[in-house]
Amino acid sequence: MIKFLVSCVTILLMVGCSQPERIKPLPPIKSPDTSSQVFLKSVVMDKMENRKLTFKLDGVPIYRFGDTRQFSFYLDTGNYMFGYDHGSEDCETNVYIEPRKNYLFELGPECRIELISK
């Protein structure tokens, strides 16, 4: 009976929870002393499991959001193309990362990629 209950709970957790997924590695940091931390917050709601939001950096899929709605990483100073795919939405915007800053971007519906603070 206990094995049955453990099996049921495990299956429910696997089906009921959407796990985040790292797709590709981020570019390596060349200047740790001047790099900046970037925080992403997804406010796009996934009503269907097959429509997970996927963050892209310079056109490369990097991270697929699951139940976790936040992701952070470091970037060197420079110009980048931030984007995301969600269902039929394919969104992109240019971003300039300054040295030694903390950035918070919100990824929202209708292709919104908004700088909240730095």
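1. Secondary structure. The protein has one helix and nine strands. The model is a predicted one. Along the sequence the pattern reads α-β-β-β-β-β-β-β-β-β, with the helix ahead of the strands.

2. Burial and surface. Of the 118 residues in the protein, 31% are buried. The exposed area comes to about 7600 Å². Carbon and sulfur atoms supply 56% of that area.

3. Contacts. Take the contacts with a separation of 6 or more: residues 24 or more positions apart account for 61% of them.

4. The four-stranded sheet. This sheet is open, and its strand order is 5-2-8-9. The pairing is mixed. Strand 5 (70–75) and strand 9 (112–117) are the edges. Each has a single partner strand, so one side of each lacks a neighbour in the sheet. On average, neighbouring strands here are turned by 25° against each other, direction ignored.

5. Strands 8 and 9. Strand 8 covers residues 102–108. Strand 8 runs antiparallel to strand 9, and five bridges join the two. Leu107 has Ile113 of strand 9 as its bridge partner.

6. The hairpin. Strand 3 and strand 4 form a hairpin with two residues between them. Asp58 sits in the turn and has a positive phi of about 55°. The two strands are antiparallel and are joined by four bridges. Across this pairing, Phe55 stands opposite Tyr63 in strand 4.

7. Strand 3, other partner. Strand 3 also pairs with strand 6, in the antiparallel sense, over four bridges. Here Phe55 stands opposite Tyr84 in strand 6. Which way do the side chains of Thr54, Phe55, Lys56 and Leu57 point from strand 3? Thr54 and Lys56 point one way, and Phe55 and Leu57 point the other way. All four are buried, Lys56 included.

8. Nonpolar core. In soluble globular proteins, nonpolar side chains tend to be buried together. The largest nonpolar core in this model has 23 residues. Val38, Leu40, Phe55, Phe73 and Phe82 have the most contacts inside it. Which elements give two or more residues to this core? They are strand 2 (36–42), strand 3 (54–57), strand 4 (60–64), strand 5, strand 6 (78–86), strand 7 (89–97) and strand 8.

9. Aromatic pairs. The structure holds seven aromatic pairs. One of them joins Tyr63 and Phe65. Their ring centres are 5.1 Å apart and their planes stand at 90°, so the pair is edge-to-face. Another joins Tyr103 and Phe105. Here the centres are 6.0 Å apart and the planes lie at 15°, so this pair is stacked.

10. Burial of the paired rings. Are Tyr63 and Phe65 buried or exposed? The cut-off for buried is under 20% relative accessible area. Tyr63 has 8% relative accessibility, so Tyr63 counts as buried. Phe65 is buried too, with a relative accessible area of 0%. Tyr103 is buried at 1% relative accessibility, and Phe105 is buried at 4%.

11. Aromatic cluster. Both of these pairs belong to one aromatic cluster. Its members are Phe55, Tyr63, Phe65, Phe71, Phe73, Phe82, Tyr103 and Phe105. Phe55, Phe73 and Phe82 are also among the residues with the most contacts inside the largest nonpolar core. Phe55 deserves a look in the viewer: strand 3 places Phe55 opposite Tyr63 on strand 4 and opposite Tyr84 on strand 6.

How values were computed
Residues are numbered from 1 along each chain as its sequence is written. This is a predicted model: local features need pLDDT of at least 70, side-chain atom pairs count only at pLDDT 80 or more; totals for chains, interfaces and linings use all residues. Side-chain values use heavy atoms; hydrogens and water are left out. Two strands pair if DSSP finds at least two bridges between them. Axes are lines fitted to C-alpha atoms, for helices over the stretch in contact, and angles run from 0 to 180 degrees between N-to-C directions. Rings of Phe, Tyr and Trp (its six-membered ring) pair if their centres lie within 6.5 Å; planes under 30 degrees apart count as stacked, over 60 as edge-to-face and the rest as tilted. Buried means under 20% relative accessible area, exposed over 50%, partly exposed in between (1.4 Å probe, protein chains only). Contact means heavy atoms within 4.5 Å. Accessible areas come from the Shrake-Rupley method with a 1.4 Å probe; for residues, only the protein chains shown count as cover. A nonpolar core is a set of buried Ala, Val, Leu, Ile, Met, Phe, Trp, Tyr and Cys residues joined through side-chain atoms within 4.5 Å.
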